[in-house]
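Colleague: I am new to this model and would like a careful reading of it, beginning with a close look at a single part.

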Amino acid sequence: MNFADIFADLDREDLRLTMYGSTNADVERALQQPAGDIKALMALLSPAAEPYLEIMAQQAMELTRRRFGHNISLFIPMYLSNLCANECDYCGFTMSNKIKRKILNADEIQQEIDIIKGWGFDSILLVSGEHESKVGVEYFADVLPQIKQHFSHLAIEVQPLATDEYQRLAHLGLDAVMLYQETYHPVTYAKHHTRGKKQNFQYRLNSPDRLGRAGIDKIGLGVLLGLDDWRLDALLLGHHLAYLEHHYWRSKYSLSLPRLRPCTGGIEPNSPISDKGLVQVICAFRLFNEQLEISLSTRESERFRDNLLPMGITHMSAGSSTQPGGYASPDSQLDQFEISDERSVVEVTEAIKIAVILRYLKTGKLVGSLAPFKINLVYKLVVFR
Ligand code: SF4
């Protein structure tokens with residue numbers, strides 16, 4: 001069995017009508033016992049839940065603090081290559097884009113590692129376009145041992161691979177794989193993915209099953225919010241997550257919720273999602289799943305990221321470059337997308353510390369592992385005054 005079998009039985013129109021028909025009573029019921037209840041997730045993602053956002057945010061904050069303390073894990077992407085054999089109309093790496101293409105060699109990778117380690121990172125996300133013949137499993141198997149010796153946590157965001165290929169990389173130190181469906185609407189998916197292997201909706205849909213079978217420690221899911229109806233895409237993502245957790249319970253799960261920007265690739269979002277909408281999605285997923293890691297990338301603005309910090313976010317990227325070799329030799333012609341939060345790693349770290357002390361001043365509680373921050377934070381507050 002694969003998720004595609006479950007997906008085939010989900011009636012999209014029926015789900016849409018039921019979700020948009022949710023009432024205040026449905027939302028209030030959902031708020032009583034949201035954990036693991038897909039009907040509750042549906043109500044919390046619906047328009048009817050909008051007036052309850054403040055309550056959702058409070059509950060999401062409490063649950064996140066209870067499970068994750070005040071910790072925010074920072075990671076950094078390292079782009080290995082921008083070659084891509086797919087045509088996706090929202091992405092700067094799309095095959096037909098006339099940009100300089102590059103694959104990092106061992107020396108260039110080492111230069112990136114040296115800079116990243118200098119900033120103090122211990123968690124890295126390796127990213128590439130999807131080009132099987134030139135940046136395939138052999139390339140990943142070559143570079144992983146070199147990179148893994150410098151980082152405790154190593155994740156990849158590359159093309160979907162076969163189960164045995166994932167197993168091979170896991171033996172070389174791979175901890176996590178991020179693989180986003182982009183949208184759960186097959187027609188919209190076909191509209192935005194017009195060339196290459198990524199056109200195969202079903203294969204992508206079943207990729208997390210292969211990750212589960214390969215025993216990958218952490219599986220990252222996501223949709224590109226705005227490509228299609230974001231409420232429905234988020235709900236189907238919830239179905240996917242629930243299925244995977246049930247079948248591959250040894251793996252951990254994380255969620256990434258990037259938003260399609262009107263300017264990305266020159267295309268307009270079919271269903272634009274506001275800041276408020278994104279907060280609703282994050283809170284709804286936190287209430288649905290207390291264990292879930294939720295990450296927020298530098299696509300979002302610094303102000304918005306700072307405001308979202310207490311509400312369910314557990315992982316953030318910082319100091320990111322979206323180009324191969326971008327830390328040692330920045331070249332904006334190689335970028336995948338524009339970064340919105342351009343703060344340095346130090347600035348992001350300081351913002352997280354400040355968020356923690358503001359929370360501390362409100363609640364009087366400081367989680368043990370963060371106690372060393374205390375003096376530094378108090379100092380910060382004094383400076384602010
Ligand atoms: S989204 Fe991924 S597969 Fe599509 S063009 Fe960009 S890098 Fe290639």
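Over which residues does pLDDT stay under 50, and how many contacts beyond four places in sequence does the model have for them?

Modeller: This is a predicted model, in which local features need pLDDT of at least 70 and side-chain atom pairs count only at pLDDT 80 or more, whereas totals for chains, interfaces and linings use all residues. Residues are numbered from 1 along each chain as its sequence is written.

The stretch you ask about is residues 367–385, where pLDDT (the predictor's confidence in each residue, from 0 to 100) stays under 50. For these residues the model has 19 contacts beyond four places in sequence, a contact being a pair of residues whose C-beta atoms, placed from the backbone, lie within 7 Å. Against that background, the protein has a mean pLDDT of 90, and 89% of its residues reach 70 or more.

Turning to the protein as a whole, there are 16 helices and 10 strands, which are DSSP runs numbered from the N terminus (H or I over at least four residues for helices, E over at least two for strands). Among contacts with a separation of 6 or more, 76% join residues 24 or more positions apart. Of the 385 residues, 44% are buried, that is, they have 20 or more other C-beta atoms within 10 Å of their own, while 12 or fewer would make a residue exposed and anything in between partly exposed.

The largest nonpolar core (buried Ala, Val, Leu, Ile, Met, Phe, Trp, Tyr and Cys residues joined through C-beta atoms within 7 Å) holds 91 residues, of which L44, L45, I124, I147, V177 and A284 touch the most other members. Helix α13, residues 275–288, gives this core its largest share, 8 residues. A second, separate core has 5 residues, among them F3, Y189, F201 and Y243.

Two of the residues just named, L44 and L45, are buried in helix α4, as are A40, L41, M42 and A43. Because 6 of the 8 residues of α4 (residues 38–45) are buried, this helix is largely enclosed by the rest of the structure. Its buried residues pack against α2 (12–20), α3 (24–32), α5 (53–68), α12 (230–247) and α13. L44 itself, with residues up to four places away in sequence left out, touches V27, A30, P34, A49, M56, A284 and L287.

Elsewhere, the axes of helix α7 (residues 137–148) and helix α8 (residues 163–171), lines fitted to the C-alpha atoms of the stretch in contact, come within 9 Å and cross at roughly 10 degrees. That makes α7 roughly parallel to α8. In this contact, V137, F140, A141 and L144 of α7 meet E165, R168 and L169 of α8, and these residues divide into 5 nonpolar, no polar and 2 charged.

Finally, T183 lies in the loop between β5 (176–178) and α9 (186–192), and T183 counts as buried because it has 29 C-beta neighbours inside 10 Å. Beyond four places in sequence, T183 touches T188, Y189, V223, L224, L227, D228 and D233. Its C-alpha atom is 8.8 Å from that of G226, although T183 and G226 are 43 residues apart in sequence. S207, found in helix α11 (residues 207–213), has 23 C-beta neighbours inside 10 Å and so counts as buried. Leaving aside neighbours within four places in sequence, S207 is in contact with P160 and L179.

Key. Axes fitted to C-alpha atoms, helices over the stretch in contact; angles between N-to-C directions. Parallel < 35°, antiparallel > 145°, perpendicular 65-115°, else oblique. Contact = placed C-beta atoms within 7 Å. Nonpolar A, V, L, I, M, F, W, Y, C, P; charged D, E, K, R; others polar.
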